[in-house]
Amino acid sequence: RIKSMLGQLSAERADLCLIHWPGLCSWDPTDNAPLGSPSGFQDKATSWTEFCENIGPAWTNMRKLQEEGLVSAIGTSNFYSHHLEELGAKCEGAVPFANEIFIDSSNQEQEFVADMQ
């Protein structure tokens, strides 16, 4: 699937690939919908148990993409400290290149940002 996305972007590799949030979505990997199409994706609620069971395999698959040269760096998005700790526990040595979080004037996340520094 990523090779198809890179082809649509006329790129050989992605600079950064993120696990978007610590939830799950179901995805049909055989779906060949155009890049950006919601076809094939369906959000579903995630329990802490489901997160813990799935973060290891998800990170391992991202590392494989990086090892194959399809992605330069891998990271996370909207992961809080406990999510990152679980990632580290499931995948020894896992250090995301970046952890993108939402911050604006009404959502400062000061304590979380201090934890991450």
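User: How much area does the protein chain expose, and what share of it do carbon and sulfur atoms supply?

Analyst: The protein chain exposes about 7,800 Å², and 52% of that comes from carbon and sulfur atoms. Accessible areas here come from the Shrake-Rupley method with a 1.4 Å probe, and for residues only the protein chains shown count as cover. Keep in mind that this is a predicted model: local features need pLDDT of at least 70, side-chain atom pairs count only at pLDDT 80 or more, and totals for chains, interfaces and linings use all residues. Residues are numbered from 1 along each chain as its sequence is written, and side-chain values use heavy atoms, with hydrogens and water left out.

User: What makes Ser10 exposed?

Analyst: Exposed means over 50% relative accessible area, buried means under 20%, and partly exposed is in between (1.4 Å probe, protein chains only). Ser10 has 71%, so it counts as exposed. Ser10 sits in the loop between α1 (2-8) and β1, and its phi is near 55°, a positive value in a residue other than glycine.

User: Why is Asn78 called partly exposed?

Analyst: Its relative accessible area is 29%, so Asn78 falls in between the two cut-offs. You'll find Asn78 in the loop between β4 and α3. Asn78 isn't a glycine either, yet it has a positive phi of about 65°.

User: Why is strand β4 described as largely enclosed?

Analyst: Six of the seven residues of β4 (residues 71-77) are buried, so the rest of the structure largely encloses this strand. For the whole protein chain, buried residues make up 26% of the 117 residues.

User: How do you know that β1 and β4 pair?

Analyst: Two strands pair if DSSP finds at least two bridges between them. Five bridges join β1 (residues 14-19) to β4, so this counts as a pair, and the two run parallel. Ala14, for one, stands opposite Val71 in β4.

User: What makes β4 and β5 a pair?

Analyst: They have two bridges, in the parallel sense, and at least two is what the definition asks for. Ser77 has Glu100 in β5 as its bridge partner.

User: Why is the unit of β4, α3 and β5 called right-handed?

Analyst: A crossover is right-handed if, with the strands pointing away from the viewer, the path from the first strand over the helix to the second runs clockwise. β4, helix α3 (residues 81-90) and β5 (residues 99-100) make a right-handed β-α-β unit.

User: What counts as a helix or a strand here, and how many are there?

Analyst: Helices (H or I, at least four residues) and strands (E, at least two) are DSSP runs, numbered from the N terminus. The protein chain has four helices and five strands.
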